[in-house]
Amino acid sequence: MFEIKHTLCPSCSVGCGINVILDGEEIVGTFPYKRHPVNAGKNCLNGRNSIDCFKNKFESDDVAKAIADASNEIKSANASDVTVICSGNDSVEEIEAIKDFAESNGFDIGFYANNLKNFDDVASYDDVAHAGKVFVIGDLLYENPLIGRRIVHAKQNDAKIYALSKNEKAVTFNIADEISNSSVQEFLDGFKGEIDDSSVVVFNYVDEADGLDKIESLNCKILPVFSKPNTKGALNIIDSKSADEMVELFDNTKLLLVFNDDVVDEFDYDFTKVSKIISFACCENDTTKIADIVVPVKSWLEQDGSFVNAMGDVQNFNSVVESDGLGIVEVIGELNK
């Protein structure tokens, strides 16, 4: 018998709702959650494909052994040689548990937010839709379509759109009044006379730290959009590191514990220099492929938790399917024994 269950999309920080379709206990598809306030019945391709991680999840043949092996490695290592990596893919509850685990054991902890940082006061999605001018940094119409939808609404409301992208064929350029492929700082300096309190700057990347400082100094509303669902929530709990700081951390690590992230894909770094890597993940990625130990964990579809979306709203989600597996919080409980 078919059944519909509501949850959140984990594909980025916009925080869209999705409906998951079950045939008995089997997940067979998704369709948009029409009453969800963020996306109101729209989902992008990433949202529609978000169940792939569950369909491709690790088979839990011997989780107990994997946890025991991980525990032995952790207990035999010097605390100063251990680094813990948490991620915007982790829920609020998982990040709190990971941080406590690292701090209580004296381990270093690394968290990377794509060189972005936390801003206490950010624009809402409605602010974007009703802005007089929208300055878009990154191809948000392609990469974050449900934010892109608000930018289109602003355009329909006669807003002027200024777009910056490293991609000369950026989709956002198709609706922009002014386009650029310069640096973030040059882009904002070039239009500084246009930026006022009717403006919103929406961005999903910066090319250097000076660009962040420049954005923060503007006399207008801003909205950072992150590539992972709970980066905003993580930034409320733990300080992020720059890419250079993360590389320095890797250089000083002998045992790397990666919780629900893919650092091998994200960083141009020779991870063979790290003596031992333990990955805690629900499905295969580039990091699990080179990890010495992989501990299978529940996907977001198999547990309750919360994410904080780009505009700062805490959104709770519930498990869609039952699972006998362990989530990250439960695995950390086992490691602490």
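**Exercise 1. Determine how many residues of strand β11 (residues 255-259) are buried, and describe which way they point.**

Solution. Step 1: Strand β11 is mostly covered, as 5 of its 5 residues are buried. The structure examined here is a predicted model. For this step, buried means under 20% relative accessible area.

Step 2: In a regular strand the side chains alternate between the two faces of the sheet.

Step 3: In β11, Leu255, Leu257 and Phe259 point one way, while Leu256 and Val258 point the other way. The residues of both groups are buried.

**Exercise 2. Identify the strands that pair with β11, and place them in their sheet.**

Solution. Step 1: Strand β4 (residues 82-85) runs parallel to β11 and is joined to it by 4 bridges. Within this pairing, Thr83 has Leu256 as its bridge partner.

Step 2: Strand β12 (residues 276-281) also pairs with β11 in the parallel sense, over 5 bridges. Here Leu255 has Lys276 as its bridge partner.

Step 3: The pairing of β12 and β13 is parallel and extends over 4 bridges; Ala281 is matched with Pro296 in β13.

Step 4: The open sheet has 5 strands, in the order β5-β4-β11-β12-β13, with parallel pairing. Because β5 (108-110) and β13 (293-296) each have a single partner strand, they stand at the edges, and one side of each lacks a neighbour in the sheet. On average, neighbouring strands are turned by 15° against each other, direction ignored.

Step 5: Helix α11 (residues 243-251) packs on this sheet and touches β4, β5 and β11. The direction of α11 makes about 140° with that of β5.

**Exercise 3. State which residues of helix α7 (residues 145-156) are buried, and what covers them.**

Solution. Step 1: Helix α7 has 12 residues and reaches 16 Å from its first C-alpha to its last, close to the 16 Å expected.

Step 2: The buried residues in α7 are Leu146, Ile147, Gly148, Arg150, Ile151 and Ala154.

Step 3: Their cover includes helices α5 and α6 and strands β6, β7, β9 and β10. Just after α7, Asp158 takes a positive phi of about 75°.

**Exercise 4. Describe the largest nonpolar core and the contacts of Leu223.**

Solution. Step 1: The largest nonpolar core has 103 residues, and Ile151, Phe203, Leu223 and Leu257 are those with the most contacts inside it. Helix α4 (residues 92-105) supplies the largest share of this core, 6 residues.

Step 2: Another core, of 13 residues, lies apart from it and includes Tyr112, Phe250, Val258 and Ile277.

Step 3: Beyond its neighbours within four places in sequence, Leu223 is in contact with residues including Ile147, Val201, Phe203 and Met311.

Notes:
Residues are numbered from 1 along each chain as its sequence is written. This is a predicted model: local features need pLDDT of at least 70, side-chain atom pairs count only at pLDDT 80 or more; totals for chains, interfaces and linings use all residues. Side-chain values use heavy atoms; hydrogens and water are left out. A nonpolar core is a set of buried Ala, Val, Leu, Ile, Met, Phe, Trp, Tyr and Cys residues joined through side-chain atoms within 4.5 Å. Buried means under 20% relative accessible area, exposed over 50%, partly exposed in between (1.4 Å probe, protein chains only). Helices (H or I, at least four residues) and strands (E, at least two) are DSSP runs, numbered from the N terminus. Contact means heavy atoms within 4.5 Å. Two strands pair if DSSP finds at least two bridges between them. The expected span of a helix is 1.5 Å times one less than its number of residues. Axes are lines fitted to C-alpha atoms, for helices over the stretch in contact, and angles run from 0 to 180 degrees between N-to-C directions.
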